Amino acid sequence: MKPAAPESAYAWTRLLAALLLSAIGGVGMWSVIVVLPAVQAEFGVARSTASLPYTVTMISFGFGGILMGRLSDRFGILGPVAGGAISLGLRYVAASQATSLWQFVLAQGLLVGVAGSATFAPLIADTSLWFTRHRGMAVAIISSGSYVAGTVWPPVVQYFIQSAGWRRAYLGIAAFCVATMLPLALALRRRSPLTETTSETLPIVSRSPRPLGMSPAALQTVLIIAGLSCCVAMSMPQVHIVAYSGDLGHGVARGAQMLSLMLGFGVVSRLVSGWICDRIGGRRTLLLGSSLQALALALFLPFDGLASLYILSALFGLFQGGIVPAYAVIIREFFPPEEAGVRVATVLMATVFGMALGGWMSGVVFDMTGSYQTAFLNGILWNLLNIGIAVGLLRRPGRPVEPATR
C-alpha cells in the first residue's frame, strides 16, 4: 500500500484514531490510582505499600514503551497496538482475580503496564512522523490521549467501584478495551513516508553529528534526566490527589473529581502548548511549562480547602500539560525520523519512571510524616532541576532541522 503524504487528510484521520486509542489504552495509568484506597483497605497495607501497584505499572509502562517503540520503528505501529489491546484485556481479567497485594502488583503493575505502553510513547513517535508544519500541534493532540484518559476514566472507575466493587469494575474495563481498541488499530495500517529511505520525493537533510553541540548520546541522556525530574514533581498531585482529598476529609469521590479536572485542563494545556511549540520550538516550550508547573506546586502548600483544591487542580493541569510533548518535539527537531520510535520512547520512559518514583516517594513521605506537605516540597526541588536543564538546553548553540519543506 502506497504511503499517504504527511499533513494529508489521512494523517489527520489517523491522528484521531490514535487519540482514541491512547485515551482508551491509558486506563492502566489511572484506574490504579482510583482503586488505591479500596486495595489498601482490602489487603490491609500501608499507604506506601498500596502505592506499589502504581509504581510497578509506570515502570512497566516505561520499559514496555521502549520495546514497543523499537518494534514500531521496524515493523510499523499496527502490530504493537493490536497486540497491546488483546493483552490489556487479558491482564485486567487477571488483576480482577488477585487474592493478595502481590498478585495484584504482578497483574496490574507488571502486565497491564506493558500491555498499555503501546498506546503512549510509540503512538506519539508514530504521529510525529506524519506531520511537518503542524508537528507541535499534532504531538500535543496525541499526547493529550493520556490526559483524556485521566479526565474520563477516574470518575467512571470510581462509580463502578462504588456500585459493583473494584473486581467487577476491572472485568468491565477488560471487555471495553478489547472491543474498542482492535477496530481502531486498523486505521494505523499505513507507514509514514518519512521512514521510507528510498523515497525520491523527500529532500535530503544534512543533520549535525553533534546536536546542540553534544553527542547524540549526551543529548539523549540530558533529556532523560529532564523527563525524570519533571515527572517526579508532576506525580505528587496526580498520583495522590484522591488519597489527599480523603485524608483532608473531603472524600475520595471529590478527589477523583479533582483528578479528572486536573487532567481535563491538562488537555487544554497540551493543545495550547502545541500551538505555542510550532511557533517558539520545543526547548522554549519546555522551559515555559516547567516554570508554570513549579508555580502551581508551590500554591498547594498554603491552600488545602475544598474549593482551593478544585481551583489548584485545574491550575496544575493548565500549567504543566505542555512539558511532556516538548520532549518529543525536541527529539524530532534534532534526531533522524527513523530513530523516532525508540528515542521518544526512551525519554518518555524516563517521564513514566519519574511518575513512578515520585508516586512512591510521596507515599513514603506520607507514612513518615502523616502529611503531604513535605512531599510537595520534594516535588518543587525536582522541578527546579528540570528548569535548570531547560535553561541549559536553550542556551546551547544549534538550530532545529526540519525534515521537509514547508
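This section describes the overall architecture of a predicted model and then three local sites within its helices.

The secondary structure of the protein consists of 17 helices and zero strands. Taken along the principal axes, the C-alpha atoms fill a box of roughly 60 × 45 × 30 Å. The radius of gyration is 20 Å, in agreement with the value near 22 Å that a compact globule of 406 residues would have. Of the 406 residues, 57% count as buried. Contacts that link distant parts of the sequence are prominent in the fold: among contacts between residues at least 6 apart in sequence, 86% join residues at least 24 apart.

The accessible surface of the protein amounts to about 15200 Å², and 67% of this area belongs to carbon and sulfur atoms. The protein carries 26 positive and 14 negative charges, and the mean positions of these two sets lie 3 Å apart.

Helix H3, spanning residues 36-43, contributes four buried residues, namely Leu36, Val39, Gln40 and Phe43. These residues lie on the same side of H3, because they cover an arc of only 100 degrees around the axis. The cover over the buried residues of H3 includes helix H2 (27-34) and helix H4 (47-50), together with helix H7 (101-116) and helix H10 (166-185). Just after H3, Gly44 adopts a positive phi of about 60 degrees.

Two serine residues in other helices were also examined. Ser144 is located in helix H9, which comprises residues 135-164. With a relative accessibility of 2%, Ser144 counts as buried, because the cut-off for this class is under 20%. When neighbours within four places in sequence are left aside, Ser144 is in contact with Leu19, and also with Val267, Arg270 and Leu271.

Ser260 is placed in helix H12, which runs over residues 252-280. The relative accessible area of Ser260 is 13%, and this residue is therefore buried under the 20% cut-off. Beyond its neighbours within four places in sequence, Ser260 makes contact with Gly150, Thr151 and Pro155. The helical ranges place Gly150 and Thr151, as well as Pro155, within the span of H9 (residues 135-164). Conversely, the contacts of Ser144 include Val267, Arg270 and Leu271, which fall within the range of H12 (residues 252-280). The contacts of these two serines thus join H9 and H12.

Note on methods:
Residues are numbered from 1 along each chain as its sequence is written. This is a predicted model: local features need pLDDT of at least 70, side-chain atom pairs count only at pLDDT 80 or more; totals for chains, interfaces and linings use all residues. Side-chain values use heavy atoms; hydrogens and water are left out. Buried means under 20% relative accessible area, exposed over 50%, partly exposed in between (1.4 Å probe, protein chains only). Contact means heavy atoms within 4.5 Å. The radius of gyration is taken over C-alpha atoms; the globule rule is 2.2 Å times the number of residues to the power 0.38. Accessible areas come from the Shrake-Rupley method with a 1.4 Å probe; for residues, only the protein chains shown count as cover. Lys and Arg count as positive and Asp and Glu as negative; His and the chain ends are not counted. The place of a charge is taken as NZ of Lys, CZ of Arg, CG of Asp or CD of Glu. The arc is that of the directions from the helix axis to the C-beta atoms.
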